[in-house]
2 protein chains.
Amino acid sequence: MKRVSAKACSNVALLKYWGRTDNKLRLPANNSISVNLTNLISQTSIEEADGDEVIIDNQIQKGKAKERVVKFLDLAGGKGRVKCKVVSKNSFPKSTGMSSSASGFAALAGAVNKFFKLGLDERELSILARKGSGSACRSVPGGWVRWNAGSGDKSSLAETIFPKDHWELVILAVVVSDKVKEVATSKGHELAQTSPYFKARLAIINSREKEMIRAIEKKDFDFLGELGEREMFEFHAIVMTQKPGLFYWYPGTVEVVHKMRQMRRKGTKVFCTINTGHNVFVFCLPRYKKAVLAELKKLGCVQEVIENQVGGGVKIVI
Amino acid sequence: MKRVSAKACSNVALLKYWGRTDNKLRLPANNSISVNLTNLISQTSIEEADGDEVIIDNQIQKGKAKERVVKFLDLAGGKGRVKCKVVSKNSFPKSTGMSSSASGFAALAGAVNKFFKLGLDERELSILARKGSGSACRSVPGGWVRWNAGSGDKSSLAETIFPKDHWELVILAVVVSDKVKEVATSKGHELAQTSPYFKARLAIINSREKEMIRAIEKKDFDFLGELGEREMFEFHAIVMTQKPGLFYWYPGTVEVVHKMRQMRRKGTKVFCTINTGHNVFVFCLPRYKKAVLAELKKLGCVQEVIENQVGGGVKIVI
């Protein structure tokens, strides 16, 4: 079998995934909603090799990082599979809260589907990607995506709820540092339920989800912004209060959040959200992009801004 | 009646007061625990005048700030009271999360007690101070203080649980900005119950309180630090998730918190807490003070550090 390459977008959740009901299968504690991001891309190739080898961003992976990929290959290709060389490149810094594992495992799932001739459809591919990294299941379909938590392996998958051209939005990935975060997302998930607030969070997720879908459907930016910001704080409140508490934010994270809140109060159609990391995702209507970029660039903490639109699903490129 | 002056320390809570069951009487939703701070001082004087006049930090107060003090004087001195000039000075920046209203109203309560010849004992004075500013009731008694939420006006008061010389600790008030906060604490309290996590917080306060008292009693710094930091995050999680969400932290706040967490992980006996504001309170054992100060001074965000020990109660000075 020849080398196969696939590309996938990273995604950013507006309704966050945090906590699992099954750590091995990566079944989430709640539904989540995200958008794919056109310019946060992982390209991943797979080819036959003498032994399993995993290279991410030009670095040969060892230990747990390698194991995670090898286990995924075993899952996809079965025990008798050929040994493989997997090479993945991200167009953006990894382990900084920009979900490179989502785009990485979605691309890998796409590549192995062809490489091992699995013949999986989009729903099945989403299920497979989920087992590599939970949020990777959301990078398989395109556009605005909803991950149904489901009741088991077969029903926990992500689907497009609105196509990528449903609503023209700008999503700025604001890099305040490319330093790798101290605690991996995957580890954090396992302790979500130790937050005293976790049950209260789960109790409101369903109504939040309905409101958010309505806001996206109606293209009601103000409402989506209000919900998105509230979700950001409620989600990080869990992260900070679990045991041990995780505190992902950097000084620059806080500076960007304050600036965007300030602009929003003054009428700019902008709001932000943060994944488990220190970098910030800023959503705005296209006509406000210039003003938002100008303000971001004035902040000393901002190292880089990657402009995105709502992106499509995973694609085979070779 | 001649001019009367009183002095009171500000206090910092390790078990936080947030949310009320009665806004007018300032009855808190939960018990809280604090220490008085020797070098965050308000000195407040009262004397007869032709009309009510309130001067804080050399500024003549108008509108709501003046009204709050005038209402307090009415409460203490009765409707037929003489008109008064109240002059208050803080040794530290006000409205930045360092509880100048606690020390200010405690000092004022002490002064009016003598000025109006009320003859209140410490418990009664704590009740009176509470009606000016909730946390002021904790600045009336000395040392380590517990505010019993109580079931009504007469039972909601603060008392010393350990004297100020019980445990020699250093408490550094770290000023990252003297900018006035956007939303006053008093306003924030009223909306605490709009956080989806508020009930869950109240449900754990009692066990937290017991643990904290045990940690102080046994002078178990590690345990107190763990509880204190957890409480800081759980408290700010409520503040951020109420409606509208309040986000008091500055970039510098986050920088100080990370640095102190890092030092703690490496064995330094240090931890921090934050009130409703951006400045940070750092607790450490005396033998670590030098090292902690050295690290704080390296941070560009730190404007000033005010060193404190555990302070005493309100005192008449003239």
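In which order do the four strands of the open sheet in chain A stand? I looked this up first and found β11-β12-β10-β13, with antiparallel pairing.

**Entry 1: ground rules**

I noted that this is a predicted model, where local features need pLDDT of at least 70, side-chain atom pairs count only at pLDDT 80 or more, and totals for chains, interfaces and linings use all residues. Residues are numbered from 1 along each chain as its sequence is written, chains are lettered from A and ligands numbered from 1 in the order in which they are written, and side-chain values use heavy atoms, with hydrogens and water left out.

**Entry 2: the sheet in chain A**

I checked the terms before going on. Strands are DSSP runs of E with at least two residues, helices are runs of H or I with at least four, and both are numbered from the N terminus. Two strands pair if DSSP finds at least two bridges between them.

The edge strands of chain A are β11 (270-273) and β13 (304-308), and each pairs on one side only. From one strand to the next, the twist averages 25 degrees. I then followed β10 (residues 170-175) of chain A, which is joined to the antiparallel β13(A) by five bridges. Along the way I found A:V174 opposite A:V305 in β13(A).

Next came the helices. Helix α6 (residues 221-241) of chain A packs on the sheet and touches β11 and β12 (280-284) of chain A (contact means heavy atoms within 4.5 Å). The direction of α6 makes about 25 degrees with that of β11(A). Axes here are lines fitted to C-alpha atoms, for helices over the stretch in contact, and angles run from 0 to 180 degrees between N-to-C directions. Helix α8 (residues 289-298) of chain A lies across β10, β11, β12 and β13 of chain A, at about 5 degrees to β10(A).

**Entry 3: two copies**

How do chains A and B relate? I found that a turn of 180 degrees and a shift of 0.0 Å along the axis lay chain A on chain B with an RMSD of 0.0 Å. The two copies are thus related as by a two-fold rotation axis. The superposition is by least squares on C-alpha atoms of residues with pLDDT of at least 70 in both copies. In chain A, the C-alpha nearest the axis belongs to A:P251, 1.9 Å from it. I also saw that 100% of the interface residues of chain A are interface residues in chain B too, so the copies meet through the same surface.

**Entry 4: rings**

I counted 26 aromatic pairs over all chains (Phe, Tyr and Trp rings, the last by its six-membered ring, with centres within 6.5 Å; planes under 30 degrees apart are stacked, over 60 edge-to-face, the rest tilted). The A:F247 and A:W249 rings have centres 6.3 Å apart and planes at 50 degrees, so this pair is tilted. A:F247 is buried at 8% relative accessible area (buried means under 20%, exposed over 50%, partly exposed in between; 1.4 Å probe, protein chains only). A:W249 is buried as well, at 1%.

Is the pair B:F271 and B:F283 stacked or tilted? With centres 5.0 Å apart and planes at 10 degrees, the pair is stacked. B:F271 sits in β11 of chain B and B:F283 in β12 of chain B, so the pair ties together parts 12 residues apart in sequence.

My last find was one aromatic cluster formed by A:F233, A:F247, A:W249, B:F233, B:F247 and B:W249.
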